[in-house]
Amino acid sequence: MLTAPCRSTGYGSLQIWIKYLRTGIAFQETFAPSFSCSKSTWNGSAFEIGGGYAWSDVLGEAANRDVVVVGGGTPSVGCLGGWMQGGGHGPAVHDFGLGADQVLEAQVVLANGQVVTANPCRYPRLFFAIRGGGGSTYGVVISTTVKAHPTNAVAAQQLSFAPLNSSDMSDFMKAVELVHNAYPDLSDQGFSGYGSWALRSPTPLVYNYNYTLGEEVQSTFTTGFTHTIAAFGKTSEEAESIFGPVADELASFSGRTLFVNTTYSSFPTYASYYSALSGIASPIGSSAALGSRLLDRKALTSPQLGKTLQTVVGPPEEFTSVNIVFVGGGEVARDGADPYSGVNPAWRTSYVHNIVARGWAPGADEATRNAVYSDITNVKVQAMKDLAPDTGAYMNEGDRFDPDYLQSFYGQHTPILSSIKRKYDPSELFYCPTCIGSERWQSDSAGRLCRAE
């Protein structure tokens with residue numbers, strides 16, 4: 001049994017780390033498909049990424065050539081592994097498509113040791129599977145060629161708000177709900193981005209900067225909401241106009257029950273926007289349980305949304321964090337027409353990938369940890385499922401204990417992906433706990449994998 005690093009497990013397994021299997025990053029002014037594949041329709045530029053590079057390596061090359069590649073929001077994310085093979089979101093996906101949909105062709109080492117090139121003409125079913133059907137499953141991807149897009153100017157908005165007093169929590173939750181209500185229309189007008197909110201955070205979420213007599217006075221809020229969203233090809237004035245109706249609604253709370261701060265900025269290129277307002281390496285090593293759900297327009301505008309958000313965030317003493325990945329719509333939706341995309345179809349109708357996470361104190365006992373896991377699966381994620389029963393979840397940031405993980409992570413693609421798994425890995429050499437094919441295995445008390453009966 002062979003496992004790869006993404007979500008890997010298994011007593012006695014061997015993990016493949018491709019970080020040092022690097023053959024270079026090559027730019028193609030005009031993409032030239034291997035074997036003169038006539039089904040490859042991309043006529044733009046491309047990058048061939050040979051091996052275990054991180055997006056920080058590729059984004060710099062793209063900036064030097066004044067083009068955009070779709071990478072992760074965190075530059076330390078690897079280019080070829082579970083990020084891409086599971087879907088892959090980042091700040092540019094609304095305008096250019098998910099990471100999986102950028103792949104024009106790939107080199108893959110199969111379970112039998114054969115190295116093949118997968119594209120729409122050669123190994124098209126394998127090509128479909130590695131473009132969103134899950135990592136650690138069908139083979140080891142050792143090289144990809146991905147789209148490079150012309151850069152554009154970017155207008156960005158940074159919004160934050162927080163309750164002025166503990167008695168203002170009701171208005172705070174109303175404001176959180178109204179921003180969520182607005183996301184589908186904002187997306188359709190070009191906005192996308194990332195945000196987070198909490199009822200109690202261990203570190204400040206919102207900052208209030210006041211300037212008096214040249215001296216900076218800072219106050220902070222550990223209860224608050226913040227997002228950074230952007231629109232390609234817009235001016236700051238256009239962005240402010242688009243957000244205007246939402247700003248008018250928030251103004252009814254500002255200074256009365258909420259502190260509200262909004263700023264707009266503009267950038268000449270995507271690279272300058274990314275380096276200023278995204279592209280920050282996240283801290284690692286924390287212990288937490290998380291789950292997620294993709295939310296479509298119906299869910300985001302539902303009368304039940306407010307109640308669901310309250311259930312998801314829980315009481316303040318839980319220190320729950322909610323992260324908003326507002327990148328759906330736009331090209332993500334349009335790429336649903338791609339016959340070679342194995343991405344969970346739920347992405348095509350969703351606007352927000354909503355992540356909920358809870359941690360525990362260092363040294364917490366097993367009962368405490370299990371209670372948090374249960375709360376994530378059975379309360380918080382279940383509440384989002386009830387709100388959005390027809391969508392699914394993003395496998396790379398999903399609940400690994402989701403009892404319906406095949407439906408949640410792969411949706412209607414499950415049967416075809418299962419058949420591709422059987423074709424290219426008939427002995428089931430590759431495994432991860434929530435990958436296609438994992439339902440045919442179970443762990444014993446020692447962590448060894450055995451055939452499920």
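Let's start with a pocket: the lining of the second largest one counts 7 nonpolar, 2 polar and 6 charged residues. Keep in mind that this is a predicted model. The same pocket holds about 280 Å³ of space, and among its 15 lining residues, Thr41, Leu104, Arg131, Lys147 and Asp338 lie nearest the centre. Below is a quick tour of the enclosed space, the cores, two helices and a handful of single residues.

**The enclosed cavity**

- Searching the whole structure turns up 1 cavity of 30 Å³ or more, and the largest cavity has about 40 Å³ of space in it.
- Its wall is made by Ser136, Thr137, Lys421, Glu428, Phe430, Tyr431, Cys432, Cys435, Ile436, Gly437, Ser438 and Trp441.
- Sorted by class, that lining comes to 6 nonpolar, 4 polar and 2 charged residues.
- Glu428, one of the lining residues, sits in the loop between helix 13 (414–424) and strand 18 (430–431).
- Glu428 also has a positive phi of about 55°, although it is not a glycine.
- With a relative accessibility of 5%, Glu428 falls under the 20% cut-off, so it counts as buried.

**The nonpolar cores**

- The largest nonpolar core takes in 66 residues, and Ile49, Trp55, Val69, Val108, Leu126, Tyr138 and Trp347 are the ones with the most contacts inside it.
- Helix 4 (residues 124–130) gives the most to this core, with 5 residues.
- There's a second, separate core of 47 residues, including Ala175, Leu258, Ile376 and Val381.
- Back in the largest core, what does Trp347 touch? Leaving out residues up to four places away in sequence, the list is His89, Leu98, Leu294, Val327, Val332, His353 and Tyr394.

**Helix 7 (residues 270–277)**

- Three tyrosines are buried here: Tyr270, Tyr273 and Tyr274.
- Looking down the axis of helix 7, the buried residues fall within an arc of 100°, so they line one face of the helix.
- What do these buried residues pack against? Their partners are helix 1 (55–64), strand 5 (67–68), strand 9 (154–163), strand 13 (224–232) and strand 14 (258–267).
- Gly279, just after helix 7, takes a positive phi of about 65°.

**Helix 9 (residues 305–313) and what follows**

- Leu305, Thr308, Leu309, Val312 and Val313 are the buried residues to look for in helix 9.
- They span an arc of only 125° around the axis, so they end up on the same side of helix 9.
- The packing partners of these buried residues are helix 5, strand 10 (191–198), helix 8 (297–300), strand 16 (321–326), strand 17 (350–359) and helix 11 (366–387).
- Just after helix 9 comes Gly314, with a positive phi of about 70°.
- Phe319 is in the loop between helix 9 and strand 16, and its phi is near 55°, a positive value in a residue other than glycine.
- Is Phe319 buried, partly exposed or exposed? Its relative accessible area is 38%, so Phe319 is partly exposed.

**His180**

- You'll find His180 in helix 5 (residues 169–188), buried with a relative accessible area of 0%.
- Setting aside neighbours within four places in sequence, His180 is in contact with Trp197, Phe225, Leu300, Leu305, Leu309, Ile324 and Asn354.
- Two of those contacts, Leu305 and Leu309, are among the buried residues of helix 9.

**Ala118**

- Ala118 is part of strand 7 (residues 115–118) and counts as buried at 0% relative accessibility.
- Not counting residues up to four places away in sequence, Ala118 touches Glu105, Ala106, Tyr123, Leu126 and Phe127.
- Ala118 and Ile130 are 12 residues apart in sequence, and their C-alpha atoms are 9.1 Å apart in space.

**Gln102**

- Gln102 lies in the loop between helix 3 (93–96) and strand 6 (103–109), and at 2% relative accessibility it counts as buried.
- Apart from neighbours within four places in sequence, Gln102 is in contact with Val70, Phe96, Gly97, Arg131, Thr145, Val146, Lys147 and His149.
- Arg131 and Lys147 also turn up among the residues that lie nearest the centre of the second largest pocket.
- From Gln102 to Tyr394, 292 residues apart along the chain, the C-alpha atoms are separated by 17 Å.

Terms used:
Residues are numbered from 1 along each chain as its sequence is written. This is a predicted model: local features need pLDDT of at least 70, side-chain atom pairs count only at pLDDT 80 or more; totals for chains, interfaces and linings use all residues. Side-chain values use heavy atoms; hydrogens and water are left out. Buried means under 20% relative accessible area, exposed over 50%, partly exposed in between (1.4 Å probe, protein chains only). Helices (H or I, at least four residues) and strands (E, at least two) are DSSP runs, numbered from the N terminus. The arc is that of the directions from the helix axis to the C-beta atoms. Contact means heavy atoms within 4.5 Å. On a 1 Å grid over the protein atoms alone, a cavity is a set of points where a 1.4 Å probe fits but cannot get out, and a pocket is an open set with protein on both sides within 12 Å along at least five of seven lines; lining residues have an atom within 4 Å of a point. Grid points are joined across faces, edges and corners, and a volume is the space filled by probe spheres set on the points. Ala, Val, Leu, Ile, Met, Phe, Trp, Tyr, Cys and Pro count as nonpolar, Asp, Glu, Lys and Arg as charged, and the others, Gly among them, as polar. A nonpolar core is a set of buried Ala, Val, Leu, Ile, Met, Phe, Trp, Tyr and Cys residues joined through side-chain atoms within 4.5 Å.
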